[in-house]
Amino acid sequence: MSCAKIDPALHQAHKPSWIKVRLPSNPVFFSTKALISDLRLHTVCESAQCPNRWECWSQGTATFMIAGDRCTRACGFCAVTTAKPLALEEDEPQRVAEAVMRMKLKHVVITAVARDDLKDGGAHHFARVITAIQKMDSSIIIEVLVPDFHADDSCIQTVLDAGPDIYNHNMETVERLTPVVRSRAKYRTSLQVLRRAKQFSSRGRGIVTKSGIMLGLGETEPEIFQTMDDLREVGCQVLTMGQYLRPTPNHLPVVEFVTPEQFDLYGEIARKKGFEHVASGPLVRSSYHAADFHPVVR
Ligand code: SF4
């Protein structure tokens with residue numbers, strides 16, 4: 001793996017040039033910010049300290065994070081706050097739908113914190129958000145980026161029954177590193193989630209399944225390729241790969257910065273392995289340029 005090896009303790013000061021994001025101020029950024037604030041919504045863009053926030057918000061897009069901003073898990077890579085969650089807000093589905101309309105989104109990504117405190121893991125809340133958007137405009141492509149729901153079939157089915165177009169569940173990393181990188185999630189459980197989503201989508205039009213991994217956590221090339229093979233084996237069609245960035249010193253260190261050329265190569269390999277759409281690059285995140293992929297499901 002031809003990556004820039006770094007001393008983890010110094011990584012913040014030694015981010016390579018391709019990681020640094022500098023964008024001029026853009027009025028659309030501020031109108032997106034104001035709209036999200038007006039409607040009292042959370043975004044993973046902010047909560048996860050995404051490096052693309054300037055770019056995406058300046059283009060008038062964002063990824064909504066439903067079911068609160070307090071997560072019941074404490075993954076080693078994630079900046080979202082771990083705390084006892086508050087009750088679900090009954091009017092949140094309507095507020096998300098209103099934001100989608102006002103932002104004129106043609107493709108929306110909805111994610112959520114892991115709600116292990118709820119019996120259904122928040123699956124019905126996801127379904128209500130999907131339904132609220134569809135009621136406003138049934139032509140909008142709805143992508144859900146869901147937690148693992150402990151691979152509970154009824155939760156997966158609940159979300160699918162609402163009729164999203166893309167079912168995204170991230171593997172986050174390779175199998176060996178999963179116990180370190182993710183708190184409660186298990187590699188094989190996540191594969192099972194994607195397999196079941198594919199099997200359960202019996203609405204006649206099927207569903208596209210999507211997943212993503214972060215690189216730079218110490219994984220090896222054979223492990224990356226094995227993860228690609230495992231995803232293809234469960235029918236996953238879309239893959240995202242991006243550089244892991246440490247949100248705070250309390251999170252896992254960056255082990256290496258993968259070069260843009262190496263990301264390109266991994267993208268090529270993933271396409272050869274049969275993924276229909278691949279986004280691979282240092283700043284790629286699950287929802288980065290998500291609308292570039294137009295699923296053929298309708
Ligand atoms: S890549 Fe996704 S999470 Fe990051 S700013 Fe863009 S929409 Fe938000």
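**Exercise 1. The shell around the ligand**

In this predicted model, work out how many nonpolar, polar and charged residues the shell around the ligand has, and find which elements give two or more residues to that shell.

Solution. Begin by listing the residues around the ligand, which are Val44, Cys45, Cys50, Asn52, Arg53, Cys56, Thr61, Ala62, Thr63, Arg285, Ser287 and Tyr288. Next, place these residues on the elements of the chain, where α2 (44–47) and α3 (53–58) turn out to be the elements that give two or more residues to the shell. Finally, sort the shell by class, which yields 6 nonpolar, 4 polar and 2 charged residues.

**Exercise 2. The order of the sheet**

Determine in what order the strands of the open sheet lie, which strands are at its edges, and how β6 and β7 run with respect to each other.

Solution. As a starting point, recall that strands of a sheet pair through backbone hydrogen bonds, either parallel or antiparallel. Here 8 strands form an open sheet with mixed pairing, and their order is β2-β3-β4-β5-β6-β7-β8-β10. The edge strands are β2 (42–43) and β10 (277–280), each of which pairs on one side only. Inside the sheet, β6 (residues 166–168) and β7 (residues 208–215) run parallel and are joined by 3 bridges; one residue to look at is tyrosine 167, whose bridge partner in β7 is threonine 209. A helix also packs on this sheet, namely α4 (residues 92–102), which touches β3 (63–66) and β4 (107–112) and whose direction makes about 175 degrees with that of β3.

**Exercise 3. The buried face of helix α4**

Identify which residues of α4 are buried, explain why they line one face of the helix, and then follow valine 100 to its contacts.

Solution. The buried residues in α4 are Glu92, Pro93, Val96, Ala97, Ala99 and Val100. Looking down the axis of α4, one finds these buried residues within an arc of 160 degrees, so they line one face of the helix. The elements against which they pack are α1, β3, β4 and α5 (123–136).

Now take valine 100, which lies in helix α4. This valine 100 counts as buried because 22 other C-beta atoms lie within 10 Å, and the cut-off for a buried residue is 20 or more. Leaving aside neighbours within four places in sequence, valine 100 is in contact with Leu105, Val108, Ile133, Met136 and Ile140. Valine 100 and phenylalanine 64 are 36 residues apart in sequence, while their C-alpha atoms are 9.5 Å apart in space. Just after α4, lysine 104 takes a positive phi of about 55 degrees.

**Exercise 4. Two residues with a positive phi**

Decide for arginine 40 and for alanine 67 whether each is buried or exposed.

Solution. Arginine 40, found in the loop between α1 (27–38) and β2, has a positive phi of about 55 degrees although it is not a glycine. Around arginine 40 there are 10 other C-beta atoms within 10 Å, and therefore this residue is exposed, given that the cut-off for an exposed residue is 12 or fewer.

Alanine 67 is found in the loop between β3 and α4, and, although it is not a glycine, alanine 67 has a positive phi of about 70 degrees. With 25 other C-beta atoms within 10 Å, alanine 67 is buried.

Notes. Residues are numbered from 1 along each chain as its sequence is written. This is a predicted model: local features need pLDDT of at least 70, side-chain atom pairs count only at pLDDT 80 or more; totals for chains, interfaces and linings use all residues. Two strands pair if DSSP finds at least two bridges between them. Helices (H or I, at least four residues) and strands (E, at least two) are DSSP runs, numbered from the N terminus. Two residues are in contact if their C-beta atoms, placed from the backbone, lie within 7 Å. Axes are lines fitted to C-alpha atoms, for helices over the stretch in contact, and angles run from 0 to 180 degrees between N-to-C directions. A residue is near a molecule or strand if its C-beta atom, placed from the backbone, lies within 6 Å of it. Ala, Val, Leu, Ile, Met, Phe, Trp, Tyr, Cys and Pro count as nonpolar, Asp, Glu, Lys and Arg as charged, and the others, Gly among them, as polar. The arc is that of the directions from the helix axis to the C-beta atoms.
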